[in-house]
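Visitor: I have a few questions about how the labels on this model are justified. Could you go through them with me?

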Amino acid sequence: LHLSAVWVNNFSTFLFGEAQEYCKNKSIDFTLLEPLIRQTIENTIKYGAQKVQTGPARRKDNTTVAAHLKMLESDLHKNIYRTLSNAIGEKYAHEL
């Protein structure tokens, strides 16, 4: 249970923090993401994470993934983005 809590809380909180920092550095109001965050959590609880997973990595949209990587300035963020995108791509590879 504790390990699952780390995945759900600690890792997601880290990612939220990185998104907040990115928004701040780009003069974007992070609160604009609040409806998306709430809907994601509600849908995950209601339908399950695997059913509601979306995004360019799941769609194998390599053009968008490459564009996002170009937007990221730090190697840390690029590595995190690549790692998570690769994991999502591998998990859902059977769908395409």
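Guide: Start with contacts along the chain: of those between residues at least 6 apart in sequence, 51% join residues at least 24 apart. This is a predicted model.

Visitor: What makes two residues a contact here?

Guide: Heavy atoms within 4.5 Å of each other make a contact. One case is I37, which, leaving aside neighbours within four places in sequence, is in contact with F16 and F30. I37 is found in helix α2.

Visitor: Is I37 buried, partly exposed or exposed, and how do you know?

Guide: The relative accessible area of I37 is 22%. Buried means under 20% and exposed means over 50%. I37 falls in between, so I37 is called partly exposed. As for its distance from E90, the two are 53 residues apart along the chain and their C-alpha atoms are separated by 24 Å.

Visitor: How much of the protein counts as buried?

Guide: Of its 96 residues, 15% count as buried. The exposed area of the protein is about 7,700 Å², with carbon and sulfur atoms supplying 60% of it.

Visitor: What is the overall layout in terms of helices and strands?

Guide: There are six helices and zero strands. Along the sequence the pattern reads α-α-α-α-α-α. The C-alpha atoms fill a box of roughly 35 × 30 × 25 Å along the principal axes.

Visitor: Why is the pair of E73 and K26 called a salt bridge?

Guide: The N to O distance between their side chains is 3.0 Å. The rule asks for a side-chain nitrogen of Lys or Arg within 4 Å of a carboxyl oxygen of Asp or Glu, so the pair of E73 and K26 qualifies. The pair links distant parts of the chain, 47 residues apart: E73 is in the loop between α5 (62–71) and α6 (75–91), and K26 is in the loop between α1 and α2 (34–47).

Visitor: Which exposure class does each partner, E73 and K26, belong to, and why?

Guide: E73 has 67% relative accessibility, which is over the 50% limit, so E73 counts as exposed. K26 has a relative accessible area of 35%, so K26 is partly exposed.

Visitor: How many salt bridges does this rule give?

Guide: The count comes to three. Another of them joins E34 and R38, with the closest N and O atoms 3.0 Å apart. Both E34 and R38 lie in helix α2, four residues apart, about one turn of the helix. E34 has a relative accessible area of 38% and is therefore partly exposed.

Visitor: What makes D61 and R59 a salt bridge?

Guide: Their closest N and O atoms are 3.5 Å apart. The limit is 4 Å, so the pair of D61 and R59 passes. D61 has 22% relative accessibility, so D61 counts as partly exposed. In general, side chains of opposite charge can pair when their charged atoms come close.

Visitor: How far apart are the mean positions of the positive and negative charges?

Guide: The mean positions of the 12 positive and 10 negative charges are 5 Å apart.

Visitor: Why are L3, W7, V8 and F11 called a nonpolar patch?

Guide: For a patch, each residue must have over 30% relative accessible area and no salt bridge, and nonpolar side chains are joined within 5 Å. L3, W7, V8 and F11 form such a patch on the surface, with about 490 Å² of accessible area together. L3, in helix α1 (residues 2–25), has a relative accessible area of 58%, so L3 clears the 30% limit and also counts as exposed.

Visitor: What is notable about the phi values of S27 and K60?

Guide: Most residues other than glycine have a negative phi. S27 has a positive phi, near 55°, and K60, also not a glycine, has a positive phi of about 60°. S27 is in the loop between α1 and α2, while K60 lies in the loop between α4 (56–59) and α5.

Visitor: How do the exposure labels of S27 and K60 follow?

Guide: S27 is at 71%, over the 50% limit, so S27 is exposed. K60 is at 39%, between the two limits, so K60 is partly exposed.

Note on methods:
Residues are numbered from 1 along each chain as its sequence is written. This is a predicted model: local features need pLDDT of at least 70, side-chain atom pairs count only at pLDDT 80 or more; totals for chains, interfaces and linings use all residues. Side-chain values use heavy atoms; hydrogens and water are left out. Patches are made of residues with over 30% relative accessible area and no salt bridge: like charges are joined within 9 Å, nonpolar side chains (Val, Leu, Ile, Met, Phe, Trp, Tyr) within 5 Å. Accessible areas come from the Shrake-Rupley method with a 1.4 Å probe; for residues, only the protein chains shown count as cover. Helices (H or I, at least four residues) and strands (E, at least two) are DSSP runs, numbered from the N terminus. Buried means under 20% relative accessible area, exposed over 50%, partly exposed in between (1.4 Å probe, protein chains only). Lys and Arg count as positive and Asp and Glu as negative; His and the chain ends are not counted. The place of a charge is taken as NZ of Lys, CZ of Arg, CG of Asp or CD of Glu.
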